[in-house]
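Student: I am new to this structure. Please take one residue and look at it closely, then show me how the rest fits around that view.

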Amino acid sequence: MTIHHHPGPESLMSCSAGSMPEAFAAVMAAHMDVCPQCREELALMENIGVVLFKNMSPSPMTREAPVMAARRAEADGDAAVARSSKISAGDIPAPLRSIAGDYLDDIAWKRLAPGLMHYQFPLSKTAIGDLRLIKVAPGMALPEHGHGGSELTLILRGAYSDKTGRYGVGDLADLDDNIEHQPIADAVEGCICLVASDHKIRFKSIMARLVQPFTGM
C-alpha cells in the first residue's frame, strides 16, 4: 500500500495532544493503523510534548488539573494503540473492529440513495459530530458540496477523485470549510470510506438539500 495523502500538521498536533473530538480521533486512529509515516510523526510530536512538559515550572494545583491529566492519559493511550496495532485478517482498521467487525462486506449497510449506502457509528452522548462509513457505487459522482466545518475522510476500499486529487486505500483527506468539491468514485471498484465531520454538509443542489434531513449528513 502506498499512501499519498496524510493528515495536516494541525490534525497531527491535535491528535498528539489528545484534544480531537471523538469522531475525528477514530479516523486518525484508523489511519495510524495503516500508515507508518504518520505513526512516526505522531511519536515525534509526543516526545516533543513530553520534553516541554518536563521543562515546565511547577505550579499550584487547580480545578482544571484532573481534566488536563485525563487529556494526557487519553493521548498516551491513543498513541500506544496506534503504535502497537497490527494488521490482521479483515479490511476494517483494527481500532474499529470491536464495533464494526472485521470485514466491510459484513457491515449492516443502509441505503441513502441509489448507489449510496452508509453505516453510522454510535458516539458518546456528549460527543459532537458524526462518524460513518460511506459506500459509493462505481463511477458515481456525489453532489457538489462544501463543509460547514472540518472533515476527515479515510479510504478503506477503492478510490475517489475530486479537484484536490485522487485518494486511494489508506489516503486521508483532511478538509476544512474552505473546500468545495464533487467526489467521483472509482469506475471499477467504487469507494468505501470512513468519514468524520463536525457540521452538516453544505450541498449546492436544491434536490440534495431537500433530502438532507432524511440522510443525517
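Tutor: Start with A30, which is buried, with a relative accessible area of 0%. Buried means under 20%, so A30 falls within that class. Keep in mind that this is a predicted model.

Where does A30 lie? It lies in helix α2, which covers residues 22-34. Now look at what surrounds A30. Setting aside residues up to four places away in sequence, A30 touches P93, P95, L96, L154 and L194. A94 is also worth finding. A30 and A94 stand 64 residues apart in sequence, yet their C-alpha atoms are 7.0 Å apart in space.

Step back to the whole protein. Among contacts between residues at least 6 apart in sequence, 66% join residues at least 24 apart. The pair A30 and A94, at 64 residues apart, can be viewed with that figure in mind. The protein has 217 residues, and 41% of them count as buried. Six helices and 12 strands are present. The accessible surface comes to about 12,100 Å², and carbon and sulfur atoms hold 59% of that surface.

Next, set A141 beside A30. A141 is found in a loop, between β3 (130-136) and β4 (145-147). Its relative accessibility is 37%, so A141 counts as partly exposed. A30, by contrast, is buried at 0%. A141 has its own contacts. Leaving aside neighbours within four places in sequence, they are Q182, P183 and I184. D186 can be located from here too. A141 and D186 are 45 residues apart in sequence and 9.5 Å apart in space, C-alpha to C-alpha.

Now turn to an exposed residue. E10 has 60% relative accessibility, and exposed means over 50%, so E10 counts as exposed. E10 lies in helix α1, residues 9-17. The helix also has buried residues: S11, L12, S14, C15 and S16. So what follows α1? G18 does, and its phi is positive, near 75°.

E10 belongs to a surface feature as well. Together with D174, D176 and D177, E10 forms a negative surface patch.

Put the three residues side by side. A30 in α2 is buried. A141, in the loop between β3 and β4, is partly exposed. E10 in α1 is exposed.

Key:
Residues are numbered from 1 along each chain as its sequence is written. This is a predicted model: local features need pLDDT of at least 70, side-chain atom pairs count only at pLDDT 80 or more; totals for chains, interfaces and linings use all residues. Side-chain values use heavy atoms; hydrogens and water are left out. Patches are made of residues with over 30% relative accessible area and no salt bridge: like charges are joined within 9 Å, nonpolar side chains (Val, Leu, Ile, Met, Phe, Trp, Tyr) within 5 Å. Accessible areas come from the Shrake-Rupley method with a 1.4 Å probe; for residues, only the protein chains shown count as cover. A salt bridge is a side-chain nitrogen of Lys or Arg within 4 Å of a carboxyl oxygen of Asp or Glu. Lys and Arg count as positive and Asp and Glu as negative; His and the chain ends are not counted. The place of a charge is taken as NZ of Lys, CZ of Arg, CG of Asp or CD of Glu. Helices (H or I, at least four residues) and strands (E, at least two) are DSSP runs, numbered from the N terminus. Buried means under 20% relative accessible area, exposed over 50%, partly exposed in between (1.4 Å probe, protein chains only). Contact means heavy atoms within 4.5 Å.
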